Amino acid sequence: MKLLQSGWPERKGIIVCGYEHEKALIPLDPVIHSFELLAAEIIHVELSNRVERRIERLCHPVHQVLRVFGWEVLAYD
């Protein structure tokens with residue numbers, strides 16, 4: 001919110017990094033969907049379409065899949 005109110009001319013974005021097991025025990029999809037809903041309906045932030053990158057086969061025993069989500073902030077009410 002501080003960046004949006006800064007008045008700086010640069011484009012602004014949000015990036016979320018999350019980890020899952022190879023077969024997700026706790027899937028990130030509901031959390032990401034909830035974030036998008038809260039941003040739009042409660043905070044009144046207009047986001048671009050979501051961009052996602054999924055990186056599999058990480059060597060960590062718990063964090064086996066990295067999912068990176070990104071949005072550009074288009075407008076703020």
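The exercises below treat the core, the aromatic pairs and the largest pocket of a predicted model.

Residues are numbered from 1 along each chain as its sequence is written, and side-chain values use heavy atoms, with hydrogens and water left out. Local features need pLDDT of at least 70 and side-chain atom pairs count only at pLDDT 80 or more, while totals for chains, interfaces and linings use all residues.

**Exercise 1.** State which residues form the largest nonpolar core and which element gives the most to this core.

*Solution.* A nonpolar core is a set of buried Ala, Val, Leu, Ile, Met, Phe, Trp, Tyr and Cys residues joined through side-chain atoms within 4.5 Å. Buried means under 20% relative accessible area, exposed over 50% and partly exposed in between (1.4 Å probe, protein chains only).

- Step 1: the largest such core has 8 residues, namely Leu-28, Ile-32, Ala-39, Val-45, Leu-47, Phe-69, Trp-71 and Val-73.
- Step 2: two or more of these residues come from each of α2 (29–41), β2 (45–47) and β4 (65–76); helices (H or I, at least four residues) and strands (E, at least two) are DSSP runs, numbered from the N terminus.
- Step 3: β4 gives the most, with 3 residues.

**Exercise 2.** Classify the aromatic pairs and give the burial of their residues.

*Solution.* Rings of Phe, Tyr and Trp (its six-membered ring) pair if their centres lie within 6.5 Å; planes under 30 degrees apart count as stacked, over 60 as edge-to-face and the rest as tilted.

- Step 1: the structure holds 2 aromatic pairs.
- Step 2: Phe-35 and Trp-71 are tilted, at 4.9 Å centre to centre with 50° between the planes. This pair links helix α2 to strand β4, 36 residues apart.
- Step 3: Phe-35 is partly exposed at 27% relative accessible area, whereas Trp-71 is buried at 4%.
- Step 4: Phe-69 and Trp-71 are stacked, at 6.5 Å centre to centre with 15° between the planes. Phe-69 has a relative accessible area of 1% and is therefore buried.
- Step 5: ring pairs link Phe-35, Phe-69 and Trp-71 into a cluster.

**Exercise 3.** Describe the lining of the largest pocket by element and by residue class.

*Solution.* A pocket is an open set of points on a 1 Å grid over the protein atoms alone, where a 1.4 Å probe fits, with protein on both sides within 12 Å along at least five of seven lines; lining residues have an atom within 4 Å of a point.

- Step 1: the lining includes Met-1, Lys-12, Gly-13, Phe-35 and Val-73.
- Step 2: α1 (2–5), β1 (12–20) and α2 each supply at least two lining residues, and β1 gives the most, with 3.
- Step 3: the lining divides into 9 nonpolar, 1 polar and 1 charged residues. Ala, Val, Leu, Ile, Met, Phe, Trp, Tyr, Cys and Pro count as nonpolar, Asp, Glu, Lys and Arg as charged, and the others, Gly among them, as polar.
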